[in-house]
Amino acid sequence: MFASPIAKAYDARATEERWYRFWEENGFFIADNRSPKAPFCIVMPPPNITGSLHMGHALTTTLQDVIVRWKRMHGCNTLWVPGTDHAGIATQNVIERQLVEKGIHRRDIGREKFEQIAWEWKEKAEKTIHLQLRRMGFSCDWTRVAFTMEPRMSRAVREVFVRLYEEGLIYRGEYMVNWCPRCTTAISDLEAQHEPEQGLLYYLRYPFRDSSGDITVATTRPETMLGDTAVAVHPEDKRYQEAIGKVVILPLMNRELPVITDSFVQKEFGTGAVKVTPAHDPSDYQVGLRHKLPFVQVIDGTGTMTAEAGSYAGLSREQARLKVLHDLREQGFLVKQEVYELSVARCQRCGTLIEPLVSTQWFVKIAPLAELAIEAVQSGRIQFIPSNYEKIYFEWMRNIHDWCVSRQLWWGHRIPAWYCGTCGYMLVSKRDPERCAQCGAAALQQDPDVLDTWFSSALWPFSTLGWPEKTRDLEMFYPNTVMMTGFDIIFFWVARMIMMGLHFMKDVPFRTVFLNGLVRNEQKQKMSKSKGNAVDPLEIIDQYGTDAVRFTLSVMSGSGSDIVFSTDRMIGYRAFANKIWNAVRFLLLNLPEGASPVSQEEIKRMITDGSLSTVNRWILHRLNVTVGQVNENLEKYRFDEACNALYHFFWHELCDWYLELSKPVLNARSGIDYEPTVKTMIFTLDMSLRALHPIMPFITEDLWQRLPHDGTAISVATYPETDAAFGDPRAEEDLSQIAEFVTAVRTVRSENNLDPSRRLVLQLVAGEQERRNLERYKPAILALARLSEIRPVNAFKEDGNHLKGFSRLGQFALIPETAVDLHAEAQRLRKEVARLNAELEQQSKKLLNQEFLQKAPQMVIDLAKQKQTELLERLEKASAELRRLESR
């Protein structure tokens, strides 16, 4: 226990850093790869080193930490691997922007210097991210921290690339790719975000060479007409049967184009005739291959018109469009234009319009890998939570295309391929070769491209454990237990980890995939650094405290639902932290000198020997129920329901009722109930803090250390489990009567606008058992209900304007000093009659339910019948009182 007295309010800033240092110095987060305990492993989705973390990271990582701490307290050998991602294209964009601000282009300094700057940036960003992770209280194993471009990861990447190449699953070829002119690199289909945008559909007239007329085509990209090599119509389109086989003259370029047929043409689009530009459209690319058409590239990798564009060369795409339309209009080839909704592809990283280009790239032949990944989910070896994401996963995996893995960047894993300058031979190798394997020449040039960031990330579940070496970590912790991440990267990352894990480890990478929602701002936009709307979690932590932030994120997480970020909830959960603090403070201020820890076995003996009062048995019963709910919900990743159960128990049951009912006992510091109450309170708060710890680690550690306790830290203490010995439905029924009575009195006072601070006399008509039950807690009830006296009576006098109410303990009447508003009292009674009718109907339905009668314990059924009888009696009394008032 602490030597210093406990402060009046919780000071998060003074607490958090001290306890995290304590945890780390004691090695509580370090996994033991030789432990006989059941392993539990999570690899952290590595944050990009593009800067600092935002609230989206805070959500995902908070939920992971809740599970990791919970499993650690359940006795598992937990490993949570932290790490960061080099984030090739995103990080390169950050560094390039910084250079541009200094008037420098990356090509001015060269690749080697650029990489040096990138590594310096990595060190700075990684330090910031690690600080944020510690400030959030995340219990990672910092002895195993990883980075996707560190040497051991690079070795794993090369091993995978070379083996896939040797197996014929990686190839180099010319293909149409998504090209970002801003980032000057190819990107995958997933990195090309398609959004609906309002644009224009242009109708262009192409004249026949034989002067027999013309054919009108429709296009959304008139600037690409400069690269047209055919006009296509559907073979069954009767409108164009005579045009098939003819030749048209391409306006502005005076090039001859054949009119061909292809079933890809949609007869209902535009005029049913389309221009074919094989070098700048994915569908046209396939048409060009089928019909052996020329490929004329008129736009280059920077979005500039090439020499093939003739007089338009050197213009940007946007400038070329304006000039082309002007010239078409002037020469009479622009028939019309109309508003049209487009599906526009933009670069996920920078928002630039994607340019489809034919380029030589490296690809992973993905279909053979996808087959096993589909089977792993179908067979149940991998479970998705929520399960609806399985359908989305299957749809994507069954329509998957080869993965373009090469990027024209400087920051990332260089592709391990070398080209001989003497004989042209290409060598793919795990190690840097010194000479050409074919001719022996030393003139070798490594491929300048780097791998897609997601290539190295796909290996994360096993590369972080030491693969390709056969390590103890790999043997102990692969497969990982669960992958917890945002649903937005299910295809970018989750699917690829499954494919790579199955191929190289011959087993799934994890058994469960939990997909949380996204954190959105108040405009419901995704929070991200690239959008510029990210919020630094540390700023929020400084204001509300880490525990309040963690509880807010957990309770709002739902099952895969998005969170609309707002500080309003954090204000409430900061108050919850103070409520916890004050509850423990109350006990500490009332503990007798030399109080000892209280074990579960000691509490069970007290239950058995009958030394515990009803209120003590009740709080133990409610603790037991709550612990069961929390364990069940965390097992199913229902973080919100676990939080709600804890919040309700701690605030409403433990603080609002148990502590208030126990105050007179503790204040007396003597009597038959004093010592059992102290012990019950020590035990209950001990277990409650343990139950809360995974979600609110700092305040619970601080308070637990102040309580009488056994053990070094709550972080490694045993998590509470349900115990049948604590179940006590009868105590719950008795205390619910007391709580209902106080609530009913408060309701009557409130509905009649009586001064809350004014103590009133209350008359009570109740049975002998109910009176004894009430008498035992009379001091607390007087305080809770703001009463000066409780007078048992056999019946109320009909004179005077008493304020009457009803509860299971009996009918009562408040006696104010002023006259009562009879109309308001009648309105209140009508509401009470309606409420009792509804509750009675619900109870009656339960007792008519055969499943309930067959499965419920007899005690529960008896209590339900008793409650039905009591409700009926209270309804009769309330109805009689209402009739009496209405007759006056």
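Select Cys-423 to begin: at 33% relative accessibility this residue counts as partly exposed, where buried means under 20% relative accessible area, exposed means over 50%, and partly exposed lies in between, with a 1.4 Å probe and protein chains only. The model on your screen is a predicted one, in which local features need pLDDT of at least 70 and side-chain atom pairs count only at pLDDT 80 or more, while totals for chains, interfaces and linings use all residues. Residues are numbered from 1 along each chain as its sequence is written, and side-chain values use heavy atoms, with hydrogens and water left out.

**The cysteines**

A disulfide is a covalent bond between the sulfur atoms of two cysteines. Here a disulfide is taken to be a pair of cysteine sulfur atoms within 2.5 Å, and by this rule the count comes to 0 disulfides. Cys-423 is in no disulfide, and the nearest cysteine sulfur, which belongs to Cys-436, is 3.7 Å away. Now select Cys-655, which is buried with a relative accessible area of 6%; its sulfur is 16 Å from the closest cysteine sulfur, that of Cys-643, and this is too far for a bond.

**A sheet of four strands**

Helices (H or I, at least four residues) and strands (E, at least two) are DSSP runs, numbered from the N terminus, and two strands are said to pair if DSSP finds at least two bridges between them. Strands of a sheet pair through backbone hydrogen bonds, either parallel or antiparallel. Select β6, β5, β14 and β16, and you will have an open sheet of 4 strands in that order, with antiparallel pairing. The edge strands are β6 (185-187) and β16 (403-404), each of which pairs on one side only. Between strand β5 (residues 170-180) and strand β14 (residues 355-364) there are 10 bridges in the antiparallel sense, and Ile-170 has Val-364 of β14 as its bridge partner. Next add helix α6 (residues 282-291), which lies across β5 and β14 and runs at about 135 degrees to β5; axes are lines fitted to C-alpha atoms, for helices over the stretch in contact, and angles run from 0 to 180 degrees between N-to-C directions.

**A sheet of three strands**

Move on to β8, β7 and β13, where 3 strands form an open sheet in that order, again with antiparallel pairing. The edges are held by β8 (214-219) and β13 (334-347), each with a single partner strand, so one side of each is left without a neighbour in the sheet. From one strand to the next, the twist averages 20 degrees. Strand β7 (residues 192-207) is joined to β13 by 13 bridges, and Glu-197 stands opposite Leu-342 in β13. Helix α7 (residues 317-330) lies across β7 and β13, running at about 165 degrees to β13.

**A hairpin**

In a regular strand the side chains alternate between the two faces of the sheet. Select strand β10 (residues 247-250), whose two faces are both covered, because Val-247 and Ile-249 on one side and Val-248 and Leu-250 on the other are all buried. β10 pairs with strand β11 (residues 255-261) in the antiparallel sense over 4 bridges, and Leu-250 stands opposite Arg-255 in β11. These two strands, β10 and β11, form a hairpin with 4 residues between them, and Leu-252 in the turn has a positive phi of about 70 degrees.

**Two crossing helices**

Select helix α1 (residues 12-25) and helix α21 (residues 697-706), whose axes come within 9 Å and cross at roughly 80 degrees. The two helices, α1 and α21, are therefore roughly perpendicular to each other, a term for angles of 65 to 115 degrees, where under 35 counts as roughly parallel, over 145 as roughly antiparallel and the rest as oblique. Among the residues that meet are Trp-19 and Trp-23 in α1 and Phe-698 and Glu-701 in α21, where contact means heavy atoms within 4.5 Å.

**A covered helix**

Finish at helix α15 (residues 546-555), which is mostly covered, with 10 of its 10 residues buried. Arg-550 is found in this helix, α15, and is buried with a relative accessible area of 0%. Leaving aside neighbours within four places in sequence, Arg-550 is in contact with residues including Asp-65, Arg-69, Phe-138 and Pro-697. To look back across the model, select Arg-550 together with Glu-197: they are 353 residues apart along the chain, and their C-alpha atoms are separated by 38 Å.
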